[in-house]
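The following paragraphs consider how charged side chains are placed and paired in one protein chain. The reader is invited to keep the sequence and the coordinates at hand.

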Amino acid sequence: MAKDEEDDLLPDKDAAKGFYAKYEPKEILGRGISSTVRRCIEKETGKEFAAKIIDLGAAETGDSNHMLEATRQEIQILRQVMGHKFINLCGTPGYLAPETLKCNMFEDAPGYSKEVDIWACGVIMFTLLVGCPPFWHRKQMVMLRNIMEGKYSFTSPEWADISEDPKDLIRKCLVVDPSKRITVTEALKHPFFNTVNPTENLRKQSQFNARKKFQFAILCVRAMIRIKRLRYTPEPLRVEDALRDPYRVKVLRKVIDGCAFRVYGHWVKKGEGQNRAALFENTPRCEVYNLYINSLNR
């Protein structure tokens with residue numbers, strides 16, 4: 001919102017009709033380089049808010065010293081209103097913190113603040129490690145109940161190869177009570193972010209070996225060619241397997257069935273529980289030797 005009068009005056013009512021319809025401005029909390037923060041009261045609920053009123057022309061008229069001092073004041077204003085609680089419900093259900101859900105469930109909910117970001121980071125970390133969110137359920141009401149209770153587990157098989165440090169960090173991020181939840185500073189000091197020596201890791205990466213790189217590239221190319229030709233490559237078959245189960249290979253199966261048809265003069269339908277070897281146990285209608293002689297004379 002822009003204001004074109006003195007700093008102590010309220011913004012232009014014509015340009016801020018929606019603001020005046022919903023809020024009642026009170027005293028000034030502080031001023032910045034191009035803004036004024038006022039205490040405002042919502043008319044319907046009586047709850048207090050801090051409204052930041054922007055003056056679009058204030059930054060163009062001040063000198064450099066004034067702008068520096070005003071910027072410092074702006075920072076102080078942000079620090080004062082940083083602990084302000086929000087009550088509006090917004091966000092993706094699977095990432096919502098319990099205190100955010102309470103704002104939609106209870107009228108006397110205290111609201112939520114920056115602690116919800118830590119909760120969301122815990123959900124994201126959980127999802128990145130195992131590929132599924134911690135509180136997901138096909139029924140949304142069950143999922144929301146799990147969030148309110150902080151009900152999740154590390155019992156899936158994907159967690160078997162994951163160390164204890166990331167699990168501990170997730171536990172500290174997904175704490176239902178926001179006052180007991182880990183802070184950003186504490187999270188950055190967690191052992192999970194300090195298990196690798198970056199200097200040593202960089203030293204290992206800097207040792208370039210051209211021969212090994214070239215061999216690795218050749219292996220990658222060979223692997224891609226084999227994968228591309230996999231659908232056209234016949235299945236490897238040993239002689240022992242062919243003798244024991246000749247119908248395993250499609251080509252042999254066609255040859256055997258074709259020979260059996262020529263020998264017996266008809267197809268024998270394979271029924272349930274019938275052995276294909278029964279084809280060769282019947283009495284032939286003609287001699288195989290005569291078929292062989294006739295085929296040679298053609």
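In which strand is the place of E42? The model examined here is a predicted one, and in this model E42 belongs to strand β2, which covers residues 35-42. The side chain of E42 is buried, yet it takes part in no salt bridge. Its nearest side chain of opposite charge is that of K22, at a distance of 4.4 Å. Because a salt bridge requires a Lys or Arg side-chain nitrogen within 4 Å of an Asp or Glu carboxyl oxygen, the separation of 4.4 Å between E42 and K22 does not qualify. K22 is nevertheless in contact with E42. When neighbours within four places in sequence are left aside, the contacts of E42 are K22, Y23, K47 and F49.

Other charged residues do form such pairs. Side chains of opposite charge can pair when their charged atoms come close. By the 4 Å rule, the count of salt bridges is six. One of them joins R39 and E48, whose closest N and O atoms are 2.9 Å apart. E48 is partly exposed, because its relative accessibility is 46%. The pairing of R39 with E48 also belongs to a wider arrangement, since a network of salt bridges links E27, R39 and E48.

A further salt bridge connects E99 with R181, again with 2.9 Å between the closest N and O atoms. E99 is part of helix α4 (residues 98-105), whereas R181 sits in the loop between α7 (164-173) and α8 (184-188), so this pair ties together parts that are 82 residues apart in sequence. Are the two partners buried or exposed? Both E99 and R181 are buried.

Helix α7 itself contains a salt bridge, formed by K172 and D168. The closest N and O atoms of this pair are 3.4 Å apart. K172 and D168 are separated by four residues, which is about one turn of the helix. K172 counts as partly exposed because its relative accessible area is 36%, and D168 is likewise partly exposed, with a relative accessibility of 24%.

A last residue is of interest for its annotation. Which residue does UniProt list for "binding site"? The residue is K52, and the listing comes from an unreviewed UniProt entry. In the model, K52 is found in strand β3, which spans residues 48-54. With a relative accessible area of 39%, K52 is partly exposed.

Terms used. Residues are numbered from 1 along each chain as its sequence is written. This is a predicted model: local features need pLDDT of at least 70, side-chain atom pairs count only at pLDDT 80 or more; totals for chains, interfaces and linings use all residues. Side-chain values use heavy atoms; hydrogens and water are left out. Buried means under 20% relative accessible area, exposed over 50%, partly exposed in between (1.4 Å probe, protein chains only). Helices (H or I, at least four residues) and strands (E, at least two) are DSSP runs, numbered from the N terminus. Lys and Arg count as positive and Asp and Glu as negative; His and the chain ends are not counted. Contact means heavy atoms within 4.5 Å. UniProt positions are given in the numbering used here, feature names are shortened, and annotations may be inferred rather than shown by experiment.
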